[in-house]
Each structure stands twice: as C-alpha cells, then as structure tokens.
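Here are my notes on helix packing and cysteines, as requested. Please read them against the coordinates.

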Amino acid sequence: MSSDSPAFDDIDDVKTVRIEATNLDGALLGKMLSPAKYRSARTKGVAIADLVLGLDLSNHAHLGYRLPSWRQGAFMPEISLRPDESTLLEWKPGTASVICDFWTADGEPVQSDPRQALKRIVAAYADRGLTVKASVEIEATVFVESIDQARAQDYQNLTPLGGNAGAAMILAKSPDFVEYGEAVTARLDELGIEWEGWSDEAASGQIEFNLPPADAVTAADRCTRTRQVMREVAYSLGRTVTFMSKWSAEYGQGAHLNVSVSDDDGNVFFDAADVTQPSDRMLNFLGGVMGSLEAATSFALPTITSYRRLLDLEGPPTTVTWGIANKSCAVRAVLDGPHATRLEYRLPSADSNCYLTMASFLAAGLSGLDNKTEPPAAFNLMAWGAPGEVVPRIPADLYSALEALENDTTLREYLGDEFIDNWIGVRRWEWITYHTETERDDDQLSVWESKRYFELA
C-alpha cells in the first residue's frame, strides 16, 4: 500500500498469508496460504482457476460472448495471483494480507484484471509526466440483524441500525450506530489505513466513510480494504452491512470519486490566474469525461439495482452534466486552491468496483487532455429533472449503458479491446440472467437482486 509497508519477514509469527484481489463485480477473493507456500510463490504468483474472473455472483459461468485470450485453448486454464508487496500488512496477529494482480500462465498481465486496468491508465499518465491523486467516499447501510438472520429473511424487512434517519449527518443517533462507526475507524487505525471522517448519511442506517487523497491505485486499494473492514466489523458486532446501491425504497447509496492531476509545477486543474474558473487542462479533462460519460456508465452503475438509484432529487446525478460547485451534476468541479481543486465524479454507486470506475474516468479524462477536447458548457441550474431535450439523461438501465459503451471508441482506445469486449460480455450476462431467472416487476426491487447483491456487491 505504501513504501512503509513492512517486509514479509518483519511481520512476527505469521501463520497465514491472505492473498487477495477483486473480481469484475468488486467482490474480494483470494486464498489463504502457509508462509512456506507464500515464500515459494512471491515472484511467480499463486495459480488459481480462471473462473474467478468467469463466474457471476450466483456462481454461474458467464456465457454468450467471445472468451478473452487467456481463456482460449484450454478448459478452465490457470492464471496466477502475483503479490504486490507494497500492499503487505498484518491483518491480525498471525495473519498477513497482500493485494495481488492477475497474470496469465505466459507471464502477461490479464487485460480484464480491474487493478491492472487502473495501473495501465496511471502508467499512461506517468508517460505524459502527469500524476493522479484520488480519494473515495464510501456509503453503506448497516442493520441491527446479524448476517445469519439477514440470510434467513432473504435480506428482506431488515432493521436499519440507529433508528430513523430524520435528516443527513445527525449526531443524535443511538449508541449502537456510534459503536459501529467507532469500531470501523479503530480497526482502520490498527491496519494503518488512513481515514478522514465518517458520518450518518441521508437514509436510515446509512453511513459514509471518507478516505484521504492518495495515488490512484493506493486510493482504490484503500477503498477495497475499507469495505472489507466494514463487513468484518459488522459481523463481529452481530450486525450486517450492505453496499447495494439501493436495498429498499430508501435513498440509494454511492461511492463518489475525487480526482486531481498534477505535473512538475503542481495541480493542473488549478488556474492561479483566475481561481474562480477551471484551468484549460481541467476543461480538456472534462471534455474527455463528458464525451464518454454515457459509455462509462456501466462501470459506475454495474448491477441491475444500480439504476434504481437514478431518481431525481434523491442525490445521485440523472443527467450528463458538469458544473462548478453543482452537486446535482454528474461531475462537480471543486475550485478550492492549488492543493484541493479537483473533480468529483458523483455517478458511481456503492456497488461499483472502485478500480474500474477510476480507470474508466481517468481514461476518458486522459483522452480529453491528449486531444485538448472542449467540454459542453457548465450547467448552472439544478440538473435534477432537466428534460432530455435540454441535456441528455444518464442511461436508464444496464442494457442502454452497454449500448453506449459498445458505440464508444475512446474508452476502447485507452482501455483496450479485450478489456471492453469482456466487460460488455459479462454485463450482458448480468442483464440476461435477471430477465430469465426471476419473476419480477421491474418497478420493484426483487428478492433475486437482494440475494445476488446484498452480501457480495
């Protein structure tokens, strides 16, 4: 995670090493290894069946599209998890944890690995003399019931922790809610994962944790590990937590990204000559982002349920707009001095994979920087409820979002054909599965969605 991560041999009494990565859905996966096995595999990686990237959240194989290159020529070929020891830490006494990247048996990076996709984009920025800083705001909902009880109820009719919300950022919450927030931050402190703040959010039982800026890969690593901490702490307290974008008719929940880009002279989004306006390079970045915002939607909103969150006046953006200090837009320009000027990407839902949302956002922005793309005019009115003839609407469902991605050339150029084609294939499988596996009313959250996403999204 950082240059001050301990060396493996410096962690006392290691009995187990947990190697970990995310699949395309953002679920944490991996293996538990003995120290001897880990030492033997530190360089070449640990073999793992490629189905970890080829199964949906119900443990069914993705079907109906051309398999990516690493899956061709063999039945369930092995790929490997290769440790990134800059992320090594002591997860608990006797157990070390390290984040890994996926590699093929031929020693090539797996093109659809979410973390490697982000690393490729970050490297492209570095090739241009640019660095990226990013931070994440994580929203989730915590419930009184234990995970066993939640499962027994098919995740229906659960009791949000802390009582009725009343409004956002209420401090007069019951002690059980405060206990959970304090337990999460205490655990983050133990692990050395930095955090900035936490608060009650708008919906009943909803909580938000804010992580500080870091390089883009570290920011995504921190997000992934913080979500795991939030789960483990909930279970240890006899509670449960979900990152579903919308678990009921309550307000949905997001995972906003904040991004800035710097060169040797500092933050390129900041214009010292006119601090009230975006710099030319921020505008170019925005030009790329806005040109591919509809195409990038399936990364920000990857599940069937993600799109239930797109309700005007409930918080998430519903239109393809950007604005200065305008939280009703999909992208908000925050002009806050040379160190804090940034762009906030407000579309991603809580069930998105942070590596993928960041990679797609940065890829679109890099296109804008490369081509000096001009963005549409800043939107200065309330964007919620704006009619389609004034500004385009965010794609209303996963199918429409994938159509936009298939018709986009920019993200394909910067993220690669195999990455884009495989993502479209697995997301179309998600769409088909929903429409063939459940009795449903599309206007109502289905039990199928809760069973599929509540624990793993």
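1. A disulfide is taken here as a pair of cysteine sulfur atoms within 2.5 Å. The model is a predicted one. Under that cut-off the sulfur of C354 is not bonded, because the closest cysteine sulfur, in C223, lies 4.1 Å away, which is too far. Seen from C223, the closest cysteine sulfur is that of C354, at 4.1 Å and again too far for a bond. The count of disulfides by this rule is zero.

2. Both cysteines are buried: C223 has 5% relative accessibility, and C354 has a relative accessible area of 7%.

3. C223 of helix 5 and C354 of helix 9 both belong to a helix contact. The axes of helix 5 and helix 9 (residues 354-371) come within 9 Å and cross at roughly 155°, so the two helices are roughly antiparallel to each other. The crossing of helix 5 past helix 9 is right-handed.

4. On the helix 5 side this contact uses A216, V217, A219, A220, D221, C223 and T224, and on the helix 9 side C354, Y355, M358 and L362. By class, these residues are nine nonpolar, one polar and one charged.

5. Helix 5 (residues 216-236) also packs with helix 2 (residues 114-127): their axes come within 9 Å and cross at roughly 155°. Helix 2 is therefore roughly antiparallel to helix 5. R115, L118, K119 and V122 of helix 2 meet A216, V217, A220 and D221 of helix 5. Five residues of this contact are nonpolar, three are charged and none is polar.

Definitions and conventions: Residues are numbered from 1 along each chain as its sequence is written. This is a predicted model: local features need pLDDT of at least 70, side-chain atom pairs count only at pLDDT 80 or more; totals for chains, interfaces and linings use all residues. Side-chain values use heavy atoms; hydrogens and water are left out. Axes are lines fitted to C-alpha atoms, for helices over the stretch in contact, and angles run from 0 to 180 degrees between N-to-C directions. Helices (H or I, at least four residues) and strands (E, at least two) are DSSP runs, numbered from the N terminus. Angles under 35 degrees count as roughly parallel, over 145 as roughly antiparallel, 65 to 115 as roughly perpendicular and the rest as oblique. Contact means heavy atoms within 4.5 Å. Ala, Val, Leu, Ile, Met, Phe, Trp, Tyr, Cys and Pro count as nonpolar, Asp, Glu, Lys and Arg as charged, and the others, Gly among them, as polar. Buried means under 20% relative accessible area, exposed over 50%, partly exposed in between (1.4 Å probe, protein chains only). A crossing is left-handed if the near helix is turned anticlockwise from the far one by less than a right angle, and right-handed if clockwise.
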